[in-house]
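Dear colleague,

I am passing this structure on to you, together with notes on what turned up in it. Please look it over before reading further.

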Amino acid sequence: MLVSIVTPSYNQAAFLEETIQSVFNQTYQDLEYIIIDGGSTDGSQEIIHKYETKLAYSQSKKDGGYADAINQGWMRATGDILAYLNSDDLLEKDALQKAVHAFSDSPDTDVVYGDTTLIDARGNTLSVFRSEPFDLRSIFQTWNDPVRQPSAFIRKSVWDRFGGLDESFQFCADFEYWIRIAGGGARFLYVPDLLSRARTHSAAKSVGQQDVQAKELIRIFEKFRNTPVFTNSGASEKESWKALYRVVSEHYINAGHNWDALRAYNKYSTQAFSGFERAYRTLRFIGRLMFRS
């Protein structure tokens, strides 16, 4: 099986070469690698040029954001299996081998995903994210994404059937995609192995602008809650809203948007508690906001 990997890149020269090397150092070598750079000005283009002869395709020009860059890459991909790896993340050496093996053993599987190690800017291990089998009901009632994107691989037939990422999402395009294709019948397989290392640092998309992530999570639920994707999942709408507002309030806290955090927490606590307990928990939450300020 040919594996096509796309890296969307923009001004991540500090990490880009290590990312590229993690792809070319795979034990499984039947792969094509595509880099879609958004017109970096930090030396990334020089790094990409260094590996140009080994790349299936590369470009460096303004694009519509990371989801657009991934879609552009996947559109050019010719592999049986697709994946994308952000320009600050890394693949474990045997990631492709394990993914291909899983697809070969489970021909009805559409998406294979595994575990991820969280690392800092210097590559030091911070924690390990152990995932779990994919379940839409659980996702809607916890708003926990079990699929860590750097450890996820999809069949090309998924792209052919469902299209690509929704480019209106800046941060949650992959999460929306998993929900959308699962609702359309795509089958997921969790492989309990470490397949990637995801880097967290001050310039990472997932670290900054968590207020935007909060709004996008609400948009995702509003998009699906009146469709068979949600109703067939067996999730409770009340429990889903409750969990969503709890998660959203945390994103707003991390973004420093205390008023938005309080409003979201109030919506959560209204559904989760009553009477004295609600008042007590709300006061504790306000104290937490004041302490952070």
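Which strands each supply at least two residues of the lining of the largest cavity? They are β4 (81–84) and β8 (152–155). Please keep in mind that the model is predicted.

The cavity

The search gives 1 cavity of 30 Å³ or more. The volume of the largest cavity is about 40 Å³. Its lining is made up of W74, L82, A83, Y84, Q149, A152, F153, I154 and W178. Sorted by character, the lining residues comprise 8 nonpolar and 1 polar, with no charged residue.

The salt bridges

Over the whole structure, 16 salt bridges are found. Three of the pairs are described below.

One of them joins D166 to K223, with 3.3 Å between the closest N and O atoms. D166 sits in the loop between α6 (156–162) and α7 (173–183), while K223 belongs to helix α8 (residues 210–224), so this pair ties together parts that lie 57 residues apart in sequence. K223 has a relative accessible area of 35% and is therefore partly exposed.

Another salt bridge brings together the side chains of E237 and R225, at 2.6 Å from N to O. This pair, too, links distant parts of the chain. E237 is in helix α10 (residues 237–255) and R225 is in the loop between α8 and α9 (228–231), the two being 12 residues apart. Both partners are partly exposed: the relative accessible area is 32% for E237, and the relative accessibility of R225 is 24%.

The third pair is E277 with R281, whose closest N and O atoms are 3.0 Å apart. Here the partners belong to one helix, α12 (residues 275–292). Because E277 and R281 are 4 residues apart in that helix, about one helical turn separates them. Are these two residues buried, exposed or partly exposed? E277 is partly exposed, with a relative accessible area of 37%, and R281 is also partly exposed, at 35% relative accessibility.

Some salt bridges share partners, and in this way D166, E176, R180 and K223 are joined into one network. The network thus takes in the D166 and K223 pair described above.

Where to look

For the cavity, start from β4 (81–84) and β8 (152–155). For the salt bridges, the loop between α6 (156–162) and α7 (173–183), where D166 lies, and helix α8 (residues 210–224), where K223 lies, are a place to begin.

Regards

Methods: Residues are numbered from 1 along each chain as its sequence is written. This is a predicted model: local features need pLDDT of at least 70, side-chain atom pairs count only at pLDDT 80 or more; totals for chains, interfaces and linings use all residues. Side-chain values use heavy atoms; hydrogens and water are left out. A salt bridge is a side-chain nitrogen of Lys or Arg within 4 Å of a carboxyl oxygen of Asp or Glu. Buried means under 20% relative accessible area, exposed over 50%, partly exposed in between (1.4 Å probe, protein chains only). On a 1 Å grid over the protein atoms alone, a cavity is a set of points where a 1.4 Å probe fits but cannot get out, and a pocket is an open set with protein on both sides within 12 Å along at least five of seven lines; lining residues have an atom within 4 Å of a point. Grid points are joined across faces, edges and corners, and a volume is the space filled by probe spheres set on the points. Ala, Val, Leu, Ile, Met, Phe, Trp, Tyr, Cys and Pro count as nonpolar, Asp, Glu, Lys and Arg as charged, and the others, Gly among them, as polar.
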